[in-house]
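Let's walk through this one together, from the overall layout down to a couple of odd backbone angles. Keep the viewer open as you read.

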Amino acid sequence: MKPSFNNNHNKNKKYMIWIIVLASLVVLGAATYFVINNPSILNNSSGSQGTNLESKENEENSDKEPKEQSDVDSSDSESSPQKDDQKPEVVDDNGYIVGQPEATEPTYVDGVLIANKKYPLPKTFQPGEDVDARAAFELMGADARKAGFELVAFSTYRSYEYQQTLYNNYVERDGKENADRYSARPGYSEHQTGLAFDIGEVGREDLWLTSEFGETDAGKWLVNNAHKYGFILRYPQGKEKITGYMYESWHFRYLGIQLATDVKKSSLTLEEYLGIQ
Ligand SMILES: [Zn+2]
């Protein structure tokens, strides 16, 4: 019995050695493969001969490291390991995204240039007053004259710098809380697109920038007819939560006749129509 036991024992021992060698090769192979595909872990891992468990942990870490490093400048609330377009947004009381970096490109949604509290424009975006919008306004003004109203666009294109001055003055006068309801922070104004026209009636300057203008015959004519020339009333009554602004009877946005007509017929705000915030 004894010799055969020894024989078996030797066989088992040999067998075990082979298993250990093979297992080591597999682990080494896996580790090498992992390091080749994730060279960054060499910087923060003490060695590459870890077990599979360690490799897994490193793999998870290497997913997080580069993003956290690239987010060093942003606030804590935004440094999450999620993909960039899924970051949770923290919105302040006045509708702006906290810690939002300055825009580098303007945003177009379905070909429509967007400027609101969530979609800023670059400081360098300076298109000036839109030529088509101006031509449309002149046409509208001529028809309004026939209907008995003398319309004037008292504020159209505003540069980033001008908006900055304007906004700061409003904040000084009414406080930030109030100013944010009717005036955009620099970079967030639709006036910087060159497509927004603040409209009033000549001779009724006292009603410019007031909700009362919307109750005048001229204001009503505008709401009912502006889309025929390509404009929409951009900040309607009761939509402050969606547009970010209180009712502005005077602020019209040029979209072109087709889109303006479609938006008008839908009774939606531009944000709702385009499915954005
Ligand atoms: Zn305006």
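Which residues of the largest nonpolar core touch the most other members? Keep that in mind while we set the scene. What you're looking at is a predicted model, with ten helices and six strands in the protein chain. Of its 277 residues, 24% count as buried. If you take the contacts between residues at least 6 apart in sequence, 59% of them join residues at least 24 apart.

Back to the core. It has 34 residues, and the ones touching the most other members are Ala136, Phe197, Ala226, Phe231, Ile232, Phe252 and Tyr254. Helix 4 (131-146), strand 4, helix 7 (217-225), strand 5, strand 6 and helix 9 (257-266) each put in at least two residues. Helix 4 gives the largest share of this core, with five residues. In soluble globular proteins, nonpolar side chains tend to be buried together.

Try clicking on Ala226. Leaving out residues up to four places away in sequence, Ala226 touches Met140, Phe231, Ile232, Leu233 and Phe252.

Now for the strands. Strand 6 covers residues 251-254, and it pairs with strand 4 (residues 196-201) in the antiparallel sense, over three bridges. One bridge to look for puts Ala196 with Arg253 of strand 6. Strand 5 (residues 231-233) also runs antiparallel to strand 6, and three bridges join them. There, Phe231 stands opposite Tyr254.

So are the faces of strand 6 covered or open? In a regular strand the side chains alternate between the two faces of the sheet. Here His251 and Arg253 are on one side, Phe252 and Tyr254 are on the other, and all four are buried, so both faces are covered.

Finally, the odd angles. Most residues other than glycine have a negative phi. Asp110 goes the other way, with phi near 50 degrees. You'll find Asp110 in the loop between strand 1 (107-109) and strand 2 (112-114). Asp110 is exposed, with 10 other C-beta atoms within 10 Å.

Ser267 is another residue to check: its phi is positive, about 60 degrees, although it is not a glycine. Ser267 is in the loop between helix 9 and helix 10 (270-274). Is Ser267 buried or exposed? With 9 other C-beta atoms within 10 Å, Ser267 counts as exposed, because the cut-off for that is 12 or fewer.

Notes:
Residues numbered from 1 in each chain as written. Predicted model: local features only at pLDDT ≥ 70, side-chain atom pairs only at ≥ 80, totals over all residues. Buried ≥ 20, exposed ≤ 12 C-beta atoms within 10 Å, placed from the backbone. Contact = placed C-beta atoms within 7 Å. Pairing = 2+ DSSP bridges. Core = buried A, V, L, I, M, F, W, Y, C linked by C-beta atoms within 7 Å.
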